[in-house]
Structure formats: structure tokens, C-alpha cells
Amino acid sequence: MRKPVGRERRRVRTGRAPGAGRRAARVLAAGAVVLGLSGGAASGAGAVERAEADLAYHGVATLIAGETDVRLVPVNHGPSAVADATVRLRWSEPLADEQPRLPAGCARSGGQAVLCRTGALAVDGVGERIDLRVRLEGAPSEVVVDLDTAWSGGALDRNRLNDRQRVLVLDTGDEYHF
């Protein structure tokens, strides 16, 4: 058996066609250039920086004979103002089909939730109070109300802990603060 020479030797050793290694290297280098360009464009001067806000909700909830009253005030701890946001209130019990009139800027969302817009919130600003009354199916002795930001006007909220509240409300007529 004769000894392979030149290109034949490479083919025997690697099992690849001649030039395959160089082609793979060129493809990898081209991909790195494309990734480098796209990464540079995203972080360059033309990139859009996302506003940052820290939304929170403070208020009180009561439950009497199947009707829940929730009064809440949206707060923006900054560092950017928010043109508008939406708070979602979700009850652990289904809402009755017939409801008292919802306040302006609020709409029912499914069988157990209501969405309310907060309006503009300045940096370190307090929004207008939202007063909401909903009627639940039947007359449960307790209900859990979950509040969270459904939409932040495109602002990034790095502290999502203070805009998520869970409140247990008993049918006592007492005020439960959050």
C-alpha cells in the first residue's frame, strides 16, 4: 500500500474534503462580523433607551354582603414620568353579571377582573384616587383581591414587588389596607 501524499494525506487524516476547514472558518468569521455589527447597532447612539418607573398602589378594601369596595391611589417612585398605566384588580370569586357602574377609565376583563387606567404619573407623583365597587356572585364570607400593573406605558419597572398586592378581605365591613 502506498503512502498518501499532499492533499490526499489531509483527506485521509481528517476525513474532510480539501478546503473544508477554511470554508468553515470563513463562515464563522462572517457570522461573528454580522453579530458584532448588530450588537453594535443596538447599543450605539441610535438605540432607543427605555424609560424606567417604579409604580406602586396603596389603598383600602372592604367587603359587605357580596359587594367589594376598593379605593386605591397609584404612585410613581420614578425615575421617569409615566404618561399612562393600567392597574389590574382580580378577585378570587367570580364577579356578578350585573355590576354597579364602573368609574371612567375602568373596564371589566373576563369573569373576575377589572382594568383601570391610572392617568399620567409624574416622578414621585401620586395619581388620582380610583374608587371601585364590584358585586360578587353570591355572598362569600371572604375574598382575595390581587392588584398588579397590567401595562406601564412602556416604562421598565425593576421593582415589581411593590406594584403587586394580595389582600384578604373578610365580610366584616372592616377596612383592609394595602
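The secondary structure of this chain, which I should say at once is a predicted model, comes to two helices and ten strands. Reading from the N terminus, the two helices come before the ten strands, in the order α-α-β-β-β-β-β-β-β-β-β-β. Of the 178 residues in the chain, 33% are buried, and the chain exposes about 11000 Å², of which carbon and sulfur atoms supply 54%. If we take the contacts between residues at least 6 apart in sequence, 71% of them join residues at least 24 apart.

Let me turn to the strand pairing, and to strand β3 in particular, which covers residues 86-91. Strand β3 runs antiparallel to strand β5, residues 113-117, and five bridges join the two; within that pairing, T86 stands opposite R117 in β5. Strand β3 also pairs with strand β8, residues 142-151, again in the antiparallel sense and over six bridges, and there you can find L89 opposite L147 in β8.

Now to the charged side chains. As a general point, side chains of opposite charge can pair when their charged atoms come close. In this model the count comes to ten salt bridges, and I would like to walk through three of them, beginning with the one between E67 and R133, whose closest N and O atoms are 3.8 Å apart. Because E67 lies in strand β2, residues 67-76, and R133 in strand β7, residues 130-135, this pair ties together parts that are 66 residues apart in sequence. As for exposure, E67 counts as partly exposed at 22% relative accessibility, and R133 is likewise placed as partly exposed, with a relative accessible area of 40%.

E67 has a salt bridge with R135 as well, and here the closest N and O atoms are 3.1 Å apart. This pair, too, links distant parts of the chain, with R135 in strand β7 and E67 in strand β2, 68 residues apart. R135 is partly exposed, with a relative accessible area of 31%.

The third salt bridge I have chosen is the one R129 forms with D131, with the closest N and O atoms 2.8 Å apart. Is R129 buried or exposed? With a relative accessible area of 52%, R129 is exposed, since the cut-off for that class is over 50%, while D131, at 37% relative accessibility, counts as partly exposed. Looking across the salt bridges, those that share partners join E67, D69, R133 and R135 into one network.

Finally, I would like to look at T62, which has its place in strand β1, residues 55-64. T62 is buried, because its relative accessible area is 9% and the buried class takes in values under 20%. Which residues does T62 contact, leaving aside its neighbours within four places in sequence? They are E67, T68, D69, V169, G173, D174 and E175. Two of these contacts, E67 and D69, bring us back to the network I have just described, where E67 and D69 are joined with R133 and R135. So, when you turn to the model yourselves, a careful way to follow this part would be to start at T62 in strand β1, to step across to E67 as one of its contacts, and then to follow the salt bridges from E67 to R133 and to R135.

Conventions
Residues are numbered from 1 along each chain as its sequence is written. This is a predicted model: local features need pLDDT of at least 70, side-chain atom pairs count only at pLDDT 80 or more; totals for chains, interfaces and linings use all residues. Side-chain values use heavy atoms; hydrogens and water are left out. Helices (H or I, at least four residues) and strands (E, at least two) are DSSP runs, numbered from the N terminus. Buried means under 20% relative accessible area, exposed over 50%, partly exposed in between (1.4 Å probe, protein chains only). Contact means heavy atoms within 4.5 Å. Accessible areas come from the Shrake-Rupley method with a 1.4 Å probe; for residues, only the protein chains shown count as cover. A salt bridge is a side-chain nitrogen of Lys or Arg within 4 Å of a carboxyl oxygen of Asp or Glu. Two strands pair if DSSP finds at least two bridges between them.
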